[in-house]
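Subject: Model handover

Hello,

Here is the model we spoke about, with the sequence alongside. Notes on the backbone and on one pair of strands follow below.

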Amino acid sequence: MATSDTKLADTDEKIFIGKGEETAWLTLALANRHGLVTGATGTGKTVTLQVMAEGFARAGVPVFAADIKGDLSGISEVGEAKDFILKRAKEMDLTFQPDQFSTVFWDVFGEQGHPVRATVTEMGPLLLSRMLDLNDVQEGVLNVAFRVADENGLTLIDMKDLRALLDAIAPDGSKKAADDEEDPLAPIRKAAQGYGNVSKATVGTIQRQLLVLENQGGAKFFGEPALTLKDFMRTDRDGRGIVNILVADKLMQSPRLYATFLLWMLSELFEELPEAGDLPKPKLVFFFDEAHLLFTDAPKALMDKIEQVVRLIRSKGVGVYFVTQNPVDVPDKVLAQLGNRVQHALRAFTPRDQKAVAAAAQTFRPNPKLDTARVIMELGKGEALVSFLEGGGTPSMVERVMVRPPSARIGPITPEERKAIMDASPVKGKYDTAVDAESAYEIIQKRLAGTAAPADGSAGGEGGGILGQLGSIASTIFGTNVKRGRMSTGQVIARSVTRSVTDKVIGGVAADLGKSLGGSVGGSIGRALVRGALGGLLRR
């Protein structure tokens with residue numbers, strides 16, 4: 001860690017970020033008011049991100065960050081006293097002291113980190129539609145599929161579950177109507193048609209999009225054991241926050257998958273964490289690199305929910321920091337929630353670039369001593385304009401500072417170093433082996449073979465089982481299984497209230513049931529019965 005006679009070092013209340021005419025401090029108590037790090041390629045955004053992550057970790061705050069280029073992995077190794085680092089430290093009257101930070105690597109593909117998995121049920125139809133780039137009609141059919149799965153006790157864990165379900169709800173013209181030939185999936189098909197016309201052509205299009213996702217490696221993301229987000233919120237033996245790094249170089253080859261995955265993580269955090277109010281420091285800080293991908297071509301409904309989650313997750317003790325090239329990449333409603341700003345250099349080679357620079361300058365609280373728009377174009381590598389929240393939560397005047405050098409290594413680690421870190425990981429063995437529990441695919445196959453319970457779950461077998469019985473009982477009690485027609489505003493509100501009550505009651509039952517059953521089956525039942533706060537918001 002950097003120390004000096006001028007006391008420019010992290011404290012229990014603040015993180016030292018940089019120094020100019022004024023010292024740039026990020027107040028921990030205001031760090032959950034979110035933030036933004038912007039700048040052109042090669043201007044120092046990654047180093048700034050590392051400096052901030054180191055400061056949070058020292059303060060005992062766990063960090064999650066996506067590593068697009070692999071450069072952030074160096075935070076796990078002891079820093080090296082290279083000439084340019086010593087020079088910058090000397091210019092800032094600092095004494096460079098190497099350091100390293102406890103790190104856990106994660107990888108959707110399970111190649112350079114622990115696998116990250118979620119069930120199809122947890123992802124939900126809206127985010128999955130976004131991942132698959134479906135149109136409104138196709139998204140509607142996917143919503144029907146999820147509703148039918150809920151009502152028939154068909155737990156959706158992996159891609160083969162979803163494929164089997166889509167096949168089950170698609171009309172099958174080859175089936176004869178003769179009495180002696182009964183379709184074992186007829187109740188499922190009938191239930192699907194009850195929610196509207198489900199055409200075989202639309203189902204076929206969704207299946208082809210699933211194939212595209214599988215070819216991109218996205219299928220590895222769906223399965224069990226599913227990620228427990230509490231594993232992100234750990235501290236090491238010294239009380240420092242663990243830095244969780246998502247290896248995203250390969251994931252970035254599928255930008256929509258990358259953006260939807262990180263949005264899913266935010267939604268899970270929003271669901272799982274209790275209200276915390278104003279804390280002395282955040283419970284977790286989440287860095288969202290290449291943030292513009294989250295908003296590109298996003299439909300209005302999704303944009304509204306993103307803005308809502310960013311606004312509300314602050315009260316859960318989570319700080320979200322978007323990293324992108326220009327503030328205009330972030331919609332105004334979201335930008336308004338980002339109180340802590342770091343702006344690296346932007347280049348203005350075209351009239352469009354000049355407008356972008358002017359827009360970036362306008363996002364700061366003006367400083368009479370600085371021509372913000374001009375300075376943005378003059379900043380050198382490692383320099384930045386900063387404005388952090390202070391006192392009563394108001395942004396400070398923009399200041400030009402030199403960002404302090406990181407204490408850990410700058411740049412990527414070797415494969416051998418990565419392997420050593422993973423071998424000593426606190427979650428080693430927990431996620432490394434996939435588990436294929438009985439779910440929708442297996443249940444549907446049994447029904448086709450005539451060995452499973454009917455689709456309505458009346459026999460209490462695998463088809464309906466505990467899931468079907470609990471879901472049916474709860475839906476009957478609270479009236480949420482009534483078919484939806486044209487409802488009045490009052491009826492819509494009443495339905496929302498009863499659904500909220502149902503989620504809470506059944507969520508408690510599912511939690512107790514999951515504990516008693518244990519393992520994958522218990523977790524699957526809990527997740528199938530109650531989707532989660534954001535997922536519920538998005539799907540209503």
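A residue counts as buried here if its relative accessible area is under 20%. The model is predicted, and what follows should be read as such.

Strands β1 and β2

With that cut-off, strand β2 (residues 23-27) has side chains that alternate between two faces. A24 and L26 point to one face and are buried, whereas T23, W25 and T27 point to the other and are not buried. Strand β1 (residues 14-20) runs antiparallel to β2, and five bridges join the two. One of the residues with a bridge partner in β2 is G18, whose partner is A24, a residue on the buried face. The connection from β1 to β2 is a hairpin through two residues.

Backbone exceptions

Most residues other than glycine have a negative phi, and most peptide bonds are trans. Three places in loops depart from this.

- E224 and P225 are joined by a cis peptide bond, with omega about 0°. P225 is in the loop between α7 (200-215) and β7 (243-247).
- D93 is not a glycine, yet its phi is positive, about 60°. The loop that holds D93 lies between α2 (83-91) and β5 (103-107). D93 is partly exposed, at a relative accessible area of 45%.
- E290, also a residue other than glycine, has a positive phi near 50°. E290 sits in the loop between β8 (284-289) and α9 (292-295), and is partly exposed with a relative accessible area of 26%.

Regards

Definitions and conventions: Residues are numbered from 1 along each chain as its sequence is written. This is a predicted model: local features need pLDDT of at least 70, side-chain atom pairs count only at pLDDT 80 or more; totals for chains, interfaces and linings use all residues. Side-chain values use heavy atoms; hydrogens and water are left out. Buried means under 20% relative accessible area, exposed over 50%, partly exposed in between (1.4 Å probe, protein chains only). Helices (H or I, at least four residues) and strands (E, at least two) are DSSP runs, numbered from the N terminus. Two strands pair if DSSP finds at least two bridges between them.
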